[in-house]
Amino acid sequence: MMSATATPSAAAIVGVAESDLGIVAGKTACDLAVQASLRALDDAGLSLSDVDGLFTANLSRFSVTLLAEHLAIQPAVLDCTMTGGSSFEMHIGHAVSAIRAGLCEVALIAYGSVQRSRKMRNMQGFSESGTSAAQYENCYAPLFPLSFYAMVAQRYMHETGATSQDLAQVAVAARQWAALNPKAFKRDPLSIADVLASPMVSSPLRGLDCCLITDGGGAVVVTSLSRARDLRCKPVLVLGHGEATTHDAMSQAPNLRHHGSADSSRRAYKMAGVVPADIDVVQLYDAFTINVLVGLENLGFCEFGAARDFIAGGRIAPGGDFPLNTQGGGLSYCHPGMFGVFLLIEAVRQLRGECGPRQVADAKLALCHGTGGIFSSHSTVILGVQ
Amino acid sequence: MTAPRPLPEIDAEAAPFWAGAARHQLLVQCCNACGNHQHYARPFCTSCRGRDLKMVPSCGTGVLHSFTVVHRGPFDDLPTPYIVALVKLDEGPTLLSHLVECDPALARCDMPVQVAFEPLRDGIVLPVFRPRLQG
């Protein structure tokens with residue numbers, strides 16, 4: 001059913017880059033967004049003066065004006081949609097719409113964070129005044145967002161019989177991919193036993209079920225397909241995108257196992273004219289190990305309750321037949337607060353065939369799925385090459 | 001470990017819920033048109049979108065839909081481990097709360113629970129839940 005054909009009005013990703021990653025001292029979040037932006041434009045063979053659409057999130061209160069000022073540009077389209085880790089997949093959808101509508105021609109999506117160097121994370125996590133969580137929930141001291149993912153995992157294990165070993169498989173596979181990626185933050189060998197021996201934080205999730213806390217930034221350049229054809233890199237077509245939200249506070253999630261990702265991906269598959277079985281490589285936001293199990297089910301790669309069997313036997317690890325999070329994911333590669341932009345960067349590199357020892361053979365179609373908050377927001381992007 | 005856990009922010013919509021808790025009553029909102037119960041209070045029914053609602057006492061019983069035992073706590077007025085719980089009330093709505101008077105090793109999804117009340121500070125009382133013996 002695969003039909004990765006582009007209409008004349010289609011858009012393509014033509015440049016991607018990370019900033020310096022890991023522990024990056026002496027920089028601001030905006031500095032890293034700028035560094036990644038310049039590298040992504042270099043990758044595309046474009047310059048700052050070509051950029052007429054700018055998309056970012058969470059650099060500051062007025063993120064997009066801050067970044068535009070730092071880049072010394074005055075774009076015609078501005079967007080700082082902020083839905084957590086799914087923001088950047090939403091930016092792709094919004095950028096493509098703007099390009100199709102003729103509002104801009106070259107869209108730059110950029111992000112940066114120095115959460116590790118600035119010690120911006122603590123156990124309590126995020127709490128914000130004026131929310132339903134502040135009115136009814138924060139007084140019970142859930143770790144935010146960890147405790148919600150833990151309760152999803154608890155219910156998932158209760159209903160499906162999945163175990164902590166099944167969750168640990170996800171962390172081990174991520175580490176095996178990271179070992180193939182020189183840019184990954186954690187590359188030393190990791191075993192199931194190591195994950196199970198890490199301290200319980202919010203049961204059933206242990207320390208090594210959780211993503212890294214690093215600094216870093218990333219950027220993606222999107223343009224019209226006609227403009228892309230004049231550039232040096234193979235254009236990576238944006239074939240479909242979709243977004244969804246179901247709740248903001250923990251008590252308001254309509255279902256702990258059926259998520260907005262089912263809706264966002266259904267919209268993306270429909271737009272792209274593909275089905276899950278057509279996808280060659282998947283980048284699925286792995287803030288916690290449980291995200292991969294429930295994500296595979298909601299994105300339609302396996303039946304509900306079947307993910308533990310689906311990933312068994314190293315299927316999502318290097319050499320398996322379902323390559324997932326091939327850069328090492330948020331669990332082992334990097335995780336500067338929000339991971340969404342890094343899903344896109346790796347998918348593009350896989351589709352261009354640039355991934356060296358971790359390259360997926362003949363990768364033609366990639367799916368990126370970003371999640372934000374506490375499974376609150378979802379955005380799916382399907383990319384392809386002809 | 002420097003600050004106590006936050007008090008609930010109480011606006012006009014949330015005030016009846018917290019006033020009820022202070023008198024050891026768990027209140028939920030009920031739609032006069034369709035009978036839907038909801039938590040938290042809103043100016044309309046999330047089921048039929050009707051605008052005629054009232055706060056009513058919950059029966060206070062439900063099941064532990066899910067839970068997590070927090071082992072590394074951020075607040076010095078709440079020793080670990082403590083059990084954060086999603087409780088599904090018999091009337092339908094789900095609340096975030098604590099499971100108390102329960103050995104963390106014995107907590108199970110779907111176990112029956114019933115409401116109890118714990119003072120926090122400054123006159124705020126938190127609805128919490130404890131295991132309910134099935135009769």
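**Chatting through a predicted two-chain model**

Me: A:His378 is found in strand β11 of chain A. This is a predicted model, so is A:His378 buried or exposed there?
Reply: Count the neighbours: A:His378 has 31 other C-beta atoms within 10 Å. The cut-off for calling a residue buried is 20 or more. That makes A:His378 buried.

Me: Which residues does A:His378 touch, once those up to four places away in sequence are dropped?
Reply: A:His378 sits in strand β11 of chain A, but sequence neighbours up to four places away don't count here. What remains is A:Ser86, A:Glu243, A:Ala244, A:His259, A:Gly260, A:Ser261, A:Ser264 and A:Thr371.

Me: How far is the C-alpha of A:His378 from that of A:Val281?
Reply: A:Val281 isn't on the list of residues that A:His378 touches. The two are 97 residues apart along the chain. Between their C-alpha atoms the separation is 19 Å.

Me: Just before that strand there's a loop with A:Phe375 in it. What is its phi?
Reply: A:Phe375 belongs to the loop between β10 (365–372) and β11 (377–384) of chain A. With 29 other C-beta atoms within 10 Å, A:Phe375 is buried. Most residues other than glycine have a negative phi. A:Phe375 has a positive one, near 60 degrees.

Me: B:Arg49 has a positive phi as well. Is B:Arg49 buried or exposed?
Reply: B:Arg49 lies in the loop between β2 and β3 of chain B, with phi near 70 degrees. Only 12 or fewer neighbours count as exposed, and B:Arg49 has 10 other C-beta atoms within 10 Å. So B:Arg49 is exposed.

Me: What about the strands around that loop: in what order do the three strands of the open sheet in chain B run?
Reply: The pairing in this sheet is antiparallel. β2 (37–38) and β3 (53–57) of chain B stand at the edges, each with a single partner strand, so each has one side without a neighbour in the sheet. The order is β2-β1-β3.

Me: Which residue of β2(B) is the bridge partner of B:Cys30?
Reply: β1 (residues 27–31) of chain B pairs with β2(B) in the antiparallel sense, over two bridges. The β2(B) partner of B:Cys30 is B:His37.

Me: Now β7 and β8 of chain B. Which residue in their hairpin takes a positive phi?
Reply: Strand β7 (residues 112–119) and strand β8 (residues 125–131) of chain B run antiparallel, joined by seven bridges. One pair of bridge partners is B:Ala116 and B:Val128. Five residues lie between the strands, and the one with a positive phi, near 55 degrees, is B:Asp122.

Me: Back to chain A. How far apart are the C-alpha atoms of A:Ala12 and A:Pro235?
Reply: A:Ala12 is in strand β1 (residues 11–18) of chain A, and is buried, with 28 other C-beta atoms within 10 Å. The residues that A:Ala12 touches include A:Pro235, along with A:Val236 and A:Leu237. Although 223 residues separate A:Ala12 and A:Pro235 along the chain, their C-alpha atoms are separated by 5.6 Å.

Me: How many residues are in the largest nonpolar core?
Reply: A:Leu344 is among the residues with the most contacts inside this core, as are A:Ile13 and A:Val220. Away from its sequence neighbours, A:Leu344 is in contact with residues including A:Val16, A:Phe88 and A:Val381. The core's residue count is 161.

Me: At what angle do helices α6 and α10 of chain A pack?
Reply: The contact uses A:Asp166, A:Leu167, A:Val170 and A:Ala171 from α6(A), and A:Thr289, A:Ile290, A:Val292 and A:Leu293 from α10(A). Those residues divide into six nonpolar, one polar and one charged. The helices are roughly perpendicular, with axes 8 Å apart and an angle of about 100 degrees.

Me: Which element gives the most to the side of chain A that touches chain B?
Reply: There, 29 residues of chain A are in contact with 32 residues of chain B. Elements giving two or more residues on the chain A side are α4 (132–136), α5 (146–160) and β5 (200–202). The biggest giver, with six residues, is α5(A).

Me: Which residue does a cis peptide bond join to A:Pro204?
Reply: A:Pro204 is in the loop between β5 and β6 (205–206) of chain A. The cis bond has omega of about 5 degrees, and the partner of A:Pro204 is A:Ser203.

Note on methods:
Residues numbered from 1 in each chain as written. Chains lettered and ligands numbered in written order. Predicted model: local features only at pLDDT ≥ 70, side-chain atom pairs only at ≥ 80, totals over all residues. Axes fitted to C-alpha atoms, helices over the stretch in contact; angles between N-to-C directions. Helix = DSSP H or I, 4+ residues; strand = E, 2+ residues; numbered from the N terminus. Parallel < 35°, antiparallel > 145°, perpendicular 65-115°, else oblique. Contact = placed C-beta atoms within 7 Å. Nonpolar A, V, L, I, M, F, W, Y, C, P; charged D, E, K, R; others polar. Pairing = 2+ DSSP bridges. Core = buried A, V, L, I, M, F, W, Y, C linked by C-beta atoms within 7 Å.
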